[in-house]
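Dear colleague,

Please find below the structure I am handing over to you. My findings on it follow directly after.

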Amino acid sequence: MSTDLMPNRYRPGESDLPRRESELIARRDEVLGASYRLQYRRPVHFVRGEGMWLYDPDGRAYLDFYNNVPSLGHCHPEVNAAMAEQAGRISANTRYLEPKLIDYAERLVDTFPSELDRVVFTCTGSESNDLALRIARFASGNEGVIVSTYAYHGTSAATAAVSPNLGDAVKLSPFVRMVSLPGPAGVPEAQAADFFEKQIRSAIVDLNRRGIGVAALLIDSIFSSDGVWVDPPGFIASGVAAVREAGGLVIADEVQPGFGRTGAHMWGFERHGIVPDLVTLGKPMGNGFPIGAVVGRKAPMEQFGATSRYSNTFAGNTVGIATADAVLTILQRDQIPQKALAMSQRLRAGLEKIAQQPYGVRAIRNAGLFFGVDIGPEGTPAASRRAMALDVVDAMRDDGVLVSTTGANEDSLKVRPPLVCQAEHVDLFLAAMERALIKVAG
């Protein structure tokens, strides 16, 4: 795997930039840590957002088809109003009695299968996965964690150690085993479930042989960092059963596929017909406000909580709860997942039409409004496909439309617009993508 963890990024000297942006980058480099990156060859500079749009200092609008964090669109007025109203009253933690905390917890849990009836609040998806791993290890008595080959699950020390997507420079825990997915391995869909189960069982055998045992299978049910490998629905089920047979827990990382992103279901794991033991939530939960959660079965939650204390000052704070409550209200009231599903069908049809042209679209995969679009003709060297995908991303950025790349070779476009996108936004995106493909291919 490459150590260039963000190939779609700014590199000094690669692009001519206006003085305003050049000076801002110079100041940034003088004070920020070296781990930061700027996206796109020509960095974008935004001063405000509204709905599907981001605006630069000159008032130019950019259509956002990449940002799944503000799932209800940038600066949603009802969400902002709920946030401000609560901030104007009190911001307090979970150690005080607060009815809104319980109200929201009950509403959130009600969106899950009945087996998942407990929730603990966090601040971020990384923190959620970190806590879920602690619970799984405590409840199982084991240490081993199984993840997909290019998974990303967070930035804390514990979650980075189970995130192979972070590259060779970030060392994985010796208790981690990676499993390949059937799609990237070229396995036909009819054999996908057997392939995945065999991978899981092999990992379990190795963990047991080394006296580690399996604590958890940790999966993003849309496998976004692996390249958005979503089909066939249910292919993970037999692997999930194997983990449970071995005494491990199943953790569904719903930070990206959750909250209606897949359209047909509120939660991505539902596409696969499974009920995990723990579910981790993050970014879209507060439309960008930092709040997350772990939702789980009562038994492991109580087993962990009986001897381990978990709370922190900001996790489940009253401002975050008010914000998250507004997000859930709007999602349900306005039938956002159902509308997102309709837009995903329009987007899929448009992409398939583009793929019929000799522009180099190799494959299209999606679950609801989360797409992976492979760029580069079959038989093209991997480096050329990757370069083409990056050129398409930057051509679209110059045209005022934002996307990025994903997958092991970074040759798949990652397309995940806010769930409030409308037909006109889909059509604008498709037109810009076709122009970019023609430019790059020509």
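**Salt bridges, a sheet and the cysteines**

Glu352 is partly exposed, with a relative accessible area of 37%. The model in which this residue sits is a predicted one.

The partner of Glu352 is Arg348: the two form a salt bridge in which the closest N and O atoms are 2.9 Å apart. Arg348 is likewise to be counted as partly exposed, because its relative accessibility is 24%. Both residues belong to helix α10, where four residues, or about one turn of the helix, separate them.

Other salt bridges connect parts of the chain outside a single helix. Arg435 is paired with Asp399, and the closest N and O atoms of this salt bridge are 2.8 Å apart. This pair links distant parts of the chain, since Arg435 lies in helix α12 (residues 423-441) while Asp399 lies in the loop between α11 (382-398) and β13 (401-402), 36 residues apart. Both ends are partly exposed: Arg435 has a relative accessibility of 47%, and Asp399 has a relative accessible area of 32%.

A further salt bridge is formed by Arg271 and Asp231, with 2.9 Å between the closest N and O atoms. Arg271 is located in the loop between β8 (249-253) and β9 (278-281), and Asp231 in the loop between β7 (214-219) and α7 (237-245), so the pair ties together parts that are 40 residues apart in sequence. The two ends fall into separate classes of accessibility: Arg271 counts as buried at 17%, whereas Asp231 counts as partly exposed at 32%.

The count of salt bridges comes to 27. Arg362, Arg365, Asp374, Arg385 and Asp411 are linked with one another in a network of such bridges.

**The open sheet**

Which strands form the open sheet, and in what order? There are four, arranged as β11-β12-β15-β14, and their pairing is antiparallel. β11 (361-366) and β14 (404-406) stand at the edges; each has a single partner strand, so one side of each is left without a neighbour in the sheet. From one strand to the next, the twist averages 30°.

At the β14 edge, three bridges join this strand to β15 (residues 412-415), and the two run antiparallel. Within this pairing, Thr405 has Leu413 of β15 as its bridge partner. Helix α10 (residues 336-355) packs on the sheet and touches β11, β12 (371-375) and β15. The direction of α10 makes about 165° with that of β11. This is the helix that also holds the Arg348 and Glu352 pair.

**The cysteines**

How many disulfides does the model contain? The count comes to zero. A disulfide is a covalent bond between the sulfur atoms of two cysteines. For the count, the two sulfur atoms must be within 2.5 Å. In the case of Cys75, the closest cysteine sulfur is that of Cys421, and it is 18 Å away, which is too far for a bond.

As for accessibility, Cys75 is partly exposed, with a relative accessible area of 47%. Cys123, by contrast, is buried, with a relative accessible area of 14%; the cut-off for that class is under 20%.

With kind regards

Methods: Residues are numbered from 1 along each chain as its sequence is written. This is a predicted model: local features need pLDDT of at least 70, side-chain atom pairs count only at pLDDT 80 or more; totals for chains, interfaces and linings use all residues. Side-chain values use heavy atoms; hydrogens and water are left out. Two strands pair if DSSP finds at least two bridges between them. Axes are lines fitted to C-alpha atoms, for helices over the stretch in contact, and angles run from 0 to 180 degrees between N-to-C directions. Contact means heavy atoms within 4.5 Å. Buried means under 20% relative accessible area, exposed over 50%, partly exposed in between (1.4 Å probe, protein chains only). A salt bridge is a side-chain nitrogen of Lys or Arg within 4 Å of a carboxyl oxygen of Asp or Glu.
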